[in-house]
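Colleague: I should be grateful for a close look at one part of this model, namely the packing of one pair of helices, and for an account of the surroundings in which that part is set.

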Amino acid sequence: MTRILFCLFLLSLIITSQAAETVIVENAHLRMAFNTKPVPTLREMAKKPSGSNLIANVASPLFVLQVLQANGSTSLVESLQAKRGSVEVTPVAGGQRILLIFDGLGPTGDLEVSLEGRLDDAVPFVRWSIMVENPGQLQIVAVRFPYVVAVPMIGSPSDDFLIGPALPGVMIENPDKNWPAQYSISWKFPGDQSAQFCAYQDLTSGVYLASMDTVGYGRSLNISKRNRSYVLYQEYQLASAPSAQWKSPYETALGVTSGPWQQTADLYKRWAVRQSWCAKTLAQRDDIPAFWKQGACIHTCEVRTYDEHRLCNGSYYPKVLGHMRSLRDRIGGPVVPMLPGWENFRRWTAGAYFPVFDADQAKGVLGQLRQDGLRPFFYLSGLYYTFQNEGRDSDDVPGWKRYADAFVIDAMARGPKTYVLDESTPDKKNVWKRHCYGFCPAAPGAKPFFCSVIDQLHALGVDIVQMDQTTSGAGDACFSASHGHAPGRGVYQSQAFRELLAEMRRHGQSLSPEFMLTHEEPHEELIPYVDAFHTREYRERWWYHGAPGARSIPLFTYLYHEYAIAYGGEGPSASAAKNPATVRDMAVNLVTGKTPAVSVWSNQKAMAEAHEDQIRMLRNHMGLLKTDAQRFLVLGRMLHPLEFAVSSVTFQIGKGPFEERAVLTSSWQSPEGLVGHCFVNIADQKQSLDLSLDTRGAADWAKADIDVYRALSADRKALYRSVALPRRYTLDLEPLEAAFIVIRPAK
Ligand SMILES: [Zn+2]
């Protein structure tokens, strides 16, 4: 006994002496170790029980402040520069609290920064906040926190990946191989950040970083490749006016994750579904018209025609009704005609919309379309107001002066800020530029203008309207002193934009019960403010899917499908030629639970000539939406997908080959709690899949009934009655065939 006591005494001495050098925060999932001297740094972060240290062995700060100097340049103040620092961990109910304090910072040494974190017992991340005491009122423009410098690879680098909230979502595979040295990526809000987390991981372990902003502040998530590390940080963007004290307006999360990307998304989703934008599921939302929940095909077809020099030479209105009826017959389901080129001036001429192009014929044709159940759909060119069109079909566009009080004011010019949309050909032989001002959504004149546009569209018979070109999800920073907001950037940019959408939607709904407002690209905080999002999961190697090693993942869908409908964009483009990549695009829309879409733009004849494979894939989609699969593919919650072996196919997308599995798959839970699995063969060969059917953890039924729906016949075939799960089943798919398996509890 004496010996045991003596050993315990020695052990406690060791712990006490180590505690002076190291402070540890840990629970059953996460371990974080901080060095305390000379100032606190993060030495170790590991997933428990078995993960290795994710923190690179280099001196790195815990936060970085970006300070604006009098001469307009910026300087960085970071935790490693502190004169003193301390770390303290205290147990609290259900977890631990950690407090780090750094003082003696900044050019005059009077800046003090405190970091406060809480680790709850049940989660693998610390929730952090940060406070800056700034008695000298330095102009801090950005605060980078949490800031972590991670190891250059997690085990072998070949299976490492990054996850980013790039609008529909992105995965970057093997950044060690695919990213050049010093490559960086930043997902900003306002900007292309649609949700608030990113990760650097493999299946065993990795870093999870999230913002938890419920209001819509300026912020970003950033990942940079460095020589021997990856830097990940969250950035707060501060409003222009300096203050003696700044406290983070929302918490952030820094911790660990593992598994496929869906498992990391689960960490974020547990928080996200408790926020206001998830107050109602789609099944509960009666603010969205019923016809839209059935899943119509959005068909983008221009109402202007063009000559060989791409100059407008006439109107397609006389042929639109026949065109749309023909498409509806061929794909076997409802069509919503999206009609670009409807504006008075050239396509995408913003603001000066009326009278619409070919007004004499437009009104009659739009009325006929409606009578035929083909509800016309117009895009507004966002917050822009065009004053000049340059190049093809050019014009000076009058009318903007009437709204000049409501435009975004430029910081330097102290006049309306100008914006250029340049769609000229790269050799500049074919100039096409649009010059615009932009509405500040907080300006008193903005709401009346947009409501008047909705009035005039309604008078034409158009009650489906998209806020297009506002992909950032907010207004621009505005330096007006008369709009009722503080000059410069601020949270009003997103708040006023949401209020504008809400007012447009209220106004439209007061005119028609079938009014719909959609938005170009998804943002989580916009979910309750719109009827649908326009998304482009199918577009690879482009814009937000353009980073080296990037491929599209249905991240936003995985987080929010049961709360928001999204349609499959303005593409894929119909064509007469056999084009496997286009058919794949259509299949991606089907399998990711988008409502279908096909476009021809001004090549209107392409729809009649469309290759049979393209029509077949659209028929697959429309066919499944006529079955019980609609409850999953439009209204359901996305689950982790089934895993099975299948060959791969190679497409030509962008610069070079793009590998894809020959059968795309997804799994879902319907609002009724049933489980469904979707399969689309995108290859020209038959596929035989050896499946192990289960509920993906969404239900625990003693016995189940299993049915399969084949898309083209829309028939339901009973596979099994009252069987135990998982159940082995071989699914045979013909070339380009789609099928949907539904599992329900046995009666
Ligand atoms: Zn303004």
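Modeller: The account below begins with the helix pair and then turns to the rest of the chain. The model is a predicted one.

The pair consists of helix H5, residues 317–331, and helix H6, residues 359–371. Their axes lie 9 Å apart and meet at an angle of about 10°. Because an angle under 35 degrees counts as roughly parallel, H5 is roughly parallel to H6. On the side of H5, the contact is formed by Tyr317, Pro318, Val320, Leu321 and Met324. H6 contributes Gln361, Ala362, Val365, Gln368 and Leu369. By character, the residues of this contact comprise 8 nonpolar and 2 polar ones, with no charged residue.

The loop that leads into H6 has a feature of its own. Pro355 is placed in the loop between strand S23 (335–338) and H6, and the peptide bond from Phe354 to Pro355 is cis, with omega near -5°. Most peptide bonds are trans, and most residues other than glycine have a negative phi. A further cis bond joins Leu725 and Pro726, with omega about -5°. Pro726 belongs to the loop between strand S42 (715–723) and strand S43 (727–733).

Two residues have a positive phi without being glycine. Asp393, in the loop between strand S25 (384–391) and strand S26 (395–396), has a phi near 45°. The surroundings of Asp393 hold 15 other C-beta atoms within 10 Å, so this residue is partly exposed. Leu736 has a phi of about 60° and is located in the loop between S43 and strand S44 (738–745). Here 23 other C-beta atoms lie within 10 Å, and Leu736 is therefore buried.

Strand S44 also holds Phe740. With 27 C-beta neighbours inside 10 Å, Phe740 is buried. Leaving out residues up to four places away in sequence, the contacts of Phe740 are Leu624, Thr627, Ala629, Gly676, Cys678 and Tyr709. From Phe740 to Arg616 the C-alpha distance is 16 Å, across 124 residues of sequence.

On a wider scale, the protein chain is divided into domain 1 (22–272) and domain 2 (639–745). The centres of these two domains, taken over C-alpha atoms, are 39 Å apart. The largest nonpolar core has 212 residues, and at least three of its residues come from each of domain 1 and domain 2. The members that touch the most other members are Phe63, Ala150, Val207, Tyr208, Ala587 and Val680. Strand S10 (residues 139–150) gives the most to this core, namely 7 residues. For Tyr208, the contacts beyond four places in sequence are Phe125, Phe197, Ala199, Ala253, Gly255, Val256, Thr257, Thr264 and Leu267.

Three further positions complete the picture. Gly85 is part of strand S6 (residues 84–92), and its 22 C-beta neighbours inside 10 Å make it buried. Apart from residues up to four places away in sequence, Gly85 touches Val39, Pro40, Leu100, Ile101 and Phe102. Between the C-alpha atoms of Gly85 and Pro444 there are 48 Å, with 359 residues separating the two along the chain.

Ala70 offers an exposed position, with 6 other C-beta atoms within 10 Å. The loop that contains Ala70 runs between strand S4 (64–68) and strand S5 (74–78). Ala70 and Leu138 are 68 residues apart along the chain, and their C-alpha atoms are separated by 9.7 Å.

Val408 is in the loop between S26 and strand S27 (419–422). Its setting is buried, as 24 other C-beta atoms lie within 10 Å. Not counting residues up to four places away in sequence, Val408 touches Pro416, Lys417, Gly438, Cys440, Asp476 and Cys478. The C-alpha atoms of Val408 and Ala70 are 25 Å apart, at a sequence separation of 338 residues.

To return to the request, the part in question is a roughly parallel pair of helices, H5 and H6, whose contact residues include 8 nonpolar and no charged ones. The loop between S23 and H6 holds Pro355, and this proline follows a cis peptide bond from Phe354.

Methods: Residues numbered from 1 in each chain as written. Predicted model: local features only at pLDDT ≥ 70, side-chain atom pairs only at ≥ 80, totals over all residues. Domains from an automatic or database assignment. Axes fitted to C-alpha atoms, helices over the stretch in contact; angles between N-to-C directions. Helix = DSSP H or I, 4+ residues; strand = E, 2+ residues; numbered from the N terminus. Parallel < 35°, antiparallel > 145°, perpendicular 65-115°, else oblique. Contact = placed C-beta atoms within 7 Å. Nonpolar A, V, L, I, M, F, W, Y, C, P; charged D, E, K, R; others polar. Core = buried A, V, L, I, M, F, W, Y, C linked by C-beta atoms within 7 Å. Buried ≥ 20, exposed ≤ 12 C-beta atoms within 10 Å, placed from the backbone.
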